[in-house]
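Trainee: I'm new to this one, so could we go through it together? Let me look at it while I ask.

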Amino acid sequence: MIKEWRRVLIGALALVLAGLLSGCAMMVNGSMQRVSFESNPAGAKVVVDGQTGITPTTLYLSRNRTYSVSMELEGYKTGVAHIERGWSPWFCGSCLLLWGPFELLSLLNGSAYVLGPANIFLTLERAGASPY
């Protein structure tokens, strides 16, 4: 009788622990990521999905998509960079332990992903300048 209660208790504790470990990406990452932008020369206008800033600046972007970044400064050619979406190690780890309802939420709200690069630096080329 004691052995059976012991098995039930161990099983219940394992389920509670697995439930607590599920959804790690959502708790650790959140759905937004901080991305910093710098340019040489400084003072360029950064445009990312309707958000704007002047370098150096930081913007918060949703993790659930990719982005095209442009940097504009008078007298210089527009610089372009791309931010890609990849899998978060936290999400992958929690999927290995237990696939639960929080993993589905992580996929829906973007916390299952990480954006990269998280620091964008562009050297802008003078307009009309010859590359040779």
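Trainee: How many bridges join β5 to β6?
Mentor: This is a predicted model, where local features need pLDDT of at least 70, side-chain atom pairs count only at pLDDT 80 or more, and totals for chains, interfaces and linings use all residues. Residues are numbered from 1 along each chain as its sequence is written, and side-chain values use heavy atoms, with hydrogens and water left out. Strands here are DSSP runs of E with at least two residues, helices are runs of H or I with at least four, and both are numbered from the N terminus; two strands pair if DSSP finds at least two bridges between them. β5 and β6 run antiparallel, and the bridges joining them number five.

Trainee: Which residue is the bridge partner of Y67 in β6?
Mentor: Take two residues of β5 (67–72) and look across to β6 (79–87). M71 has G79 as its bridge partner. For Y67, the partner in β6 is I83.

Trainee: Which residue in the hairpin of β5 and β6 takes a positive phi?
Mentor: Look at the six residues between the two strands of that hairpin. One of them has a phi near 90 degrees, and that residue is G75.

Trainee: What is the strand order of the open sheet of five strands?
Mentor: The pairing in this sheet is antiparallel. β3 and β7 are the edge strands, as each pairs on one side only. From one strand to the next the twist averages 20 degrees (axes are lines fitted to C-alpha atoms, for helices over the stretch in contact, and angles run from 0 to 180 degrees between N-to-C directions). Reading across, the order is β3-β2-β5-β6-β7.

Trainee: Which two residues form the aromatic pair?
Mentor: A search of the whole structure finds one such pair, where rings of Phe, Tyr and Trp (its six-membered ring) count if their centres lie within 6.5 Å. The centres here are 5.1 Å apart and the planes 35 degrees, which is tilted; planes under 30 degrees apart would be stacked and over 60 edge-to-face. One ring lies in strand β6 and the other in strand β7, so the pair ties together parts that are 26 residues apart in sequence. The two residues, also bridge partners, are W87 and Y113.

Trainee: Is Y113 buried or exposed?
Mentor: Buried means under 20% relative accessible area, exposed over 50%, and partly exposed in between, with a 1.4 Å probe and protein chains only. W87 has 51%, so W87 is exposed. Y113 has 9%, so Y113 is buried.

Trainee: How many salt bridges are there?
Mentor: A salt bridge needs a side-chain nitrogen of Lys or Arg within 4 Å of a carboxyl oxygen of Asp or Glu. D49 and R65 meet that rule at 2.9 Å, N to O. K77 and E125 do as well, with their closest N and O atoms 3.2 Å apart. The count comes to two.

Trainee: Why does the pair of D49 and R65 tie together parts of the chain, and how many residues apart are they?
Mentor: D49 is partly exposed at 48% relative accessibility, and R65 is partly exposed at 34%. D49 sits in the loop between β2 and β3, while R65 sits in the loop between β4 and β5, so the parts they tie together are separated in sequence by 16 residues.

Trainee: Which side chain of opposite charge is nearest to R63?
Mentor: R63 is in the loop between β4 and β5. R63 is buried yet has no salt bridge, with Lys and Arg counted as positive, Asp and Glu as negative, and His and the chain ends not counted. Its side chain does make a polar contact with the side chain of Q33 at 2.8 Å (a pair of N or O atoms within 3.5 Å; within protein, one must be able to donate a hydrogen and the other to accept it, and residues adjacent in sequence count only if both atoms are side-chain atoms). The nearest side chain of opposite charge is 14 Å away, and it belongs to E84.

Trainee: Which are the edge strands of the sheet of three strands?
Mentor: This open sheet has mixed pairing and the order β4-β1-β8. β1 and β8 pair in the parallel sense over five bridges. The strands that pair on one side only are β4 and β8.
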